[in-house]
Amino acid sequence: MILYCIMVCSLFWTKDFNATVSGLQKDILFLLMPLAFFFIIPLKKSSLNKVFRLYGFGMCFYTLYYFSNALIRYFSTGNRNVFFFHELVTVDLNAIYMAAFASFGMFYFISIKNKTIIDRICIFTLLFFVFLLSSKSVFFIDLLLIVCYYSFFSKTPTDIKALTIISVFFFSIFSILFVERVREQFLMEYETAFVDNTINENFGTKTDVVYNVSLKQAWSNEKFQPNNFFPGTALRVFQVRIFTEMLAEQNIVFSGFGHEASQQEIEKKITQHQLNLGYRVFNFHNQYVQTFAELGVFGFIVFTVMLFLNLKNAISGKNLLHLVFAVTMIVLLLTESIFCRQRGIVFFITLFCIFNTINYKDQTEFK
């Protein structure tokens, strides 16, 4: 609620009044959702079981729907790419967001002590869905959390824990090595990270060659060419770079540009560095940077305190799902500006309020 008040205050100095007003309408849940939770009794973990179970089955339903849709498109077009990344769920829905949503549902089923056959089927269905969505950040977060679960939370025998962790590890390696579309996603990031001007074979042609931008080029090149392509990591490095340039060139440390008012400043930087104009539509793709750029240091402090307290409560409460949510958000916010999309806002603020109003004296676990 304090963060939303800072957003409202930015109306007095924003560089794009209309964008700020529109953003305040979209982000009203930052005020209304916590306000609603003030008037309800502390939630018990046992009372959330039905909610999260319905959520988990709901995500399984979405998974089956998109699998079926992809199969229909594959049989009509013969294009295998319909099973992967944005093409599986559409660019508008965004593969990274859907992977994060599916992951949370998957960890609900993982957290159940007495799993049924249906629960186990749901785990593997959602895991396979996350894998096909090819979100590198979510994929590695999930692997880390699965290892943490079997190391610290699970009460299964030690040999089964070790077998599960080894199986997950080899499944990941096998997938990256032998599933072509996934391998391409990972290899592009690896090959272009430190090598300048590698050729992008997916977008270029023999007569119109497209060159990938390395991390070094993204950080240091003053000018770029229209045929330069920014892989995901390089784009995010470039966005952090232009943020540092904005800090040096403009007096925004304490005020920021105003809520949702940074996009026109990003567009100016895109023009200045002569990037392909298609990159003007991208935000900072980093919620930490996005918050600092728009709300200044005070907004950034409030935002980071929220994440710290969320993680602290998750650890002290020893709640696996809360920990999954806290860790996922901390890492995912490094690569996505999720508050720029309402689905991201709803997901974050709803679970934030739910988990931070749990009555942790009630030690009932999911069964």
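**Exercises: empty spaces inside a predicted model**

**Exercise 1.** Which residues line the second largest cavity, and which helices supply at least two of them each?

*Solution.* Start with the list: Ala100, Ser103, Phe104, Phe107, Asp142, Val324, Phe325, Thr328, Met329 and Phe347 line the second largest cavity. Keep in mind that you're looking at a predicted model. Now match the numbers to helices. α6 covers 95–111 and α15 covers 320–332, and each of these supplies at least two residues of the lining. Next, sort by class: you get 7 nonpolar, 2 polar and 1 charged residues. Finally, the space in this cavity comes to about 50 Å³.

**Exercise 2.** Asp142 turns up in that lining. Is Asp142 buried or exposed in α8?

*Solution.* First find the helix: α8 runs over residues 136–153. Then go through its buried residues, which are Val138, Phe139, Ile141, Asp142, Leu143, Leu145, Ile146, Tyr149 and Tyr150. Asp142 is on that list, so it counts as buried, with under 20% relative accessible area.

**Exercise 3.** What span should α8 have, and how far apart are its end C-alpha atoms?

*Solution.* Take the 18 residues of α8 and allow 1.5 Å a residue. The count to multiply is one less than the number of residues. That gives an expected span of 26 Å. In the model the end C-alpha atoms are 25 Å apart, which agrees.

**Exercise 4.** How many cavities of 30 Å³ or more does the whole structure hold, and what lines the largest?

*Solution.* Here's the idea behind the search: rolling a probe the size of a water molecule over the atoms shows where empty space is left. The search finds 4 cavities of 30 Å³ or more. The largest has a volume of about 90 Å³. Its lining is made of Leu3, Met7, Asp27, His259, Glu260, Gln287, Gln290, Thr291, Glu294, Leu295, Phe339 and Cys340. Now for the helices: α1 (2–9) and α14 (287–317) each give at least two lining residues. α14 brings the largest share, with 5 residues. By class, this lining has 5 nonpolar, 4 polar and 3 charged residues.

**Exercise 5.** What does the chain as a whole look like in numbers: helices, strands, buried share and exposed area?

*Solution.* Begin with secondary structure, which comes to 16 helices and 4 strands. Then check burial: 49% of the 367 residues are buried. For the surface, the chain exposes about 18500 Å², with carbon and sulfur atoms supplying 68% of that. Last, look at contacts with a separation of 6 or more: 66% of them are between residues 24 or more positions apart.

Conventions. Residues numbered from 1 in each chain as written. Predicted model: local features only at pLDDT ≥ 70, side-chain atom pairs only at ≥ 80, totals over all residues. Heavy atoms only, no water. 1 Å grid on protein atoms, 1.4 Å probe; cavity = no way out; pocket = protein on both sides within 12 Å on 5 of 7 lines; lining within 4 Å. Points joined across faces, edges and corners; volume = space filled by probe spheres on them. Nonpolar A, V, L, I, M, F, W, Y, C, P; charged D, E, K, R; others polar. Buried < 20%, exposed > 50% of the residue type's maximum accessible area, 1.4 Å probe, protein only. Contact = heavy atoms within 4.5 Å. Areas by Shrake-Rupley, 256 points an atom, 1.4 Å probe, with all protein chains shown as cover.
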